[in-house]
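Could you walk me through this protein in the viewer, one selection at a time? I am new to this and would like to know what to click and what is there.

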Amino acid sequence: MHLLPPHNLPLLLLGAGLMASCGPEVQRTHFDSGQVWTEIELSGGRRHGLYRELFQDGLPKEEGGYRHGVPDGVWRRYHPGGQLSFEEHWSGGMRDGRTAGWFEDGSARFEGQWSDGDRSGEWTFWRPDGSVDAREIWESGTRVSLERP
């Protein structure tokens, strides 16, 4: 077993501290109460990693991620009581993939699809009572059909 001499201990501790600080920088803002309002991970001064915004009671308001300064991955917004309100997918700074929204009681509000930042395919919108309010068909960001039952 090889042990470091005691005079190398400060260098070892300094190295461990530098390694522990190599993770992402986290920037926070706070409400007047001191409660965290937003948290964003940065890398090289750019948004890169988790983003969170909280309500004053500490429940999540919005969560998502950044990659090299642009939105990327799944983003979610929440109602004040903590129920999921909205979800969308981002890729390289553009909406891309399924998106959906819900009323506070958890029932569906809308559902659709994004493709390279444009609305695409069928979008459905519901009323709070669960009945369909509208159906739309989109092609390359242009609505080509609207149906209201």
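Here is a tour in a few stops, from the whole chain down to single side chains.

**Stop 1: the whole chain**

Start with everything shown as a cartoon, and keep in mind that this is a predicted model. The protein has 1 helix and 12 strands. Follow the chain from the N terminus and you pass the elements in the order α-β-β-β-β-β-β-β-β-β-β-β-β.

Now switch on the surface. About 9700 Å² is exposed, and carbon and sulfur atoms supply 52% of that area. Of the 149 residues, 26% count as buried. Among contacts between residues at least 6 apart in sequence, 5% join residues at least 24 apart.

**Stop 2: strands S6, S7 and S8**

Hide the surface and select residues 73-78, which are strand S6, together with residues 84-91, which are strand S7. The two strands run antiparallel and are joined by 6 bridges. For one such bridge, click Tyr 78: its partner in S7 is Leu 84. S6 and S7 form a hairpin with 5 residues between them, and Gly 82 in the turn has a positive phi of about 100 degrees.

Next, click Val 74, which is in strand S6. Is Val 74 buried or exposed? The answer falls in the middle: its relative accessibility is 29%, so Val 74 counts as partly exposed. Draw a distance from its C-alpha atom to that of Glu 88, and you should get 5.8 Å, although the two residues are 14 apart along the chain. Beyond its sequence neighbours within four places, Val 74 is in contact with Glu 63, Gly 64, Gly 65, Glu 87, Glu 88 and His 89.

Add residues 94-102, which are strand S8. S7 and S8 pair in the antiparallel sense over 5 bridges. Glu 87 stands opposite Ala 100 in S8. The hairpin of S7 and S8 has 2 residues between the strands, and Gly 92 takes a positive phi near 60 degrees there.

**Stop 3: Thr 99**

Stay in S8 and show the side chain of Thr 99. Why does Thr 99 count as buried? Its relative accessibility is 1%, and the cut-off for buried is under 20%. The side chain of Thr 99 reaches the backbone oxygen of Glu 87 at 3.0 Å.

Which residues are in contact with Thr 99, leaving aside neighbours within four places in sequence? They are Phe 86, Glu 87, Glu 88, Phe 110, Glu 111, Gly 112, Gln 113, Trp 114 and Trp 123.

**Stop 4: strands S9, S10 and S11**

Select residues 108-115 for S9 and residues 118-126 for S10. These strands pair in the antiparallel sense over 5 bridges. They form a hairpin with 2 residues between them, and Asp 116 in the turn has a positive phi of about 50 degrees.

Then add residues 132-139, strand S11, which runs antiparallel to S10 and is joined to it by 6 bridges. Thr 124 is a handy residue to click here: Glu 111 stands opposite Thr 124, and Thr 124 stands opposite Arg 135 in S11. In the hairpin of S10 and S11, with 5 residues between the strands, Gly 130 takes a positive phi near 95 degrees.

**Stop 5: the aromatic rings**

Show the side chains of Phe 86, Phe 110, Trp 114, Trp 123 and Phe 125, which form one aromatic cluster. The structure holds 9 aromatic pairs. One of them is Phe 110 with Trp 123, a stacked pair at 6.5 Å centre to centre with 10 degrees between the planes. Phe 110 lies in S9 and Trp 123 in S10, so the pair ties together parts that are 13 residues apart in sequence. Phe 110 is buried, with a relative accessible area of 9%, and Trp 123 is buried too, at 2%.

Now bring in two arginines. Arg 95 lies over the face of Trp 114, at 4.9 Å from the ring centre. The charged end of Arg 119 sits over the ring of Trp 123, 4.3 Å from its centre.

For the last selection, pick Tyr 66 and Trp 75, which are both buried. Their rings form an edge-to-face pair, 5.4 Å centre to centre and with 90 degrees between the planes.

How values were computed: Residues numbered from 1 in each chain as written. Predicted model: local features only at pLDDT ≥ 70, side-chain atom pairs only at ≥ 80, totals over all residues. Heavy atoms only, no water. Helix = DSSP H or I, 4+ residues; strand = E, 2+ residues; numbered from the N terminus. Buried < 20%, exposed > 50% of the residue type's maximum accessible area, 1.4 Å probe, protein only. Polar contact = N/O pair within 3.5 Å; in protein donor to acceptor, adjacent residues only side chain to side chain. Contact = heavy atoms within 4.5 Å. Phe/Tyr/Trp six-rings, centres within 6.5 Å; stacked < 30°, edge-to-face > 60°. Lys NZ or Arg CZ within 6 Å of the ring centre and 35° of its normal. Pairing = 2+ DSSP bridges. Areas by Shrake-Rupley, 256 points an atom, 1.4 Å probe, with all protein chains shown as cover.
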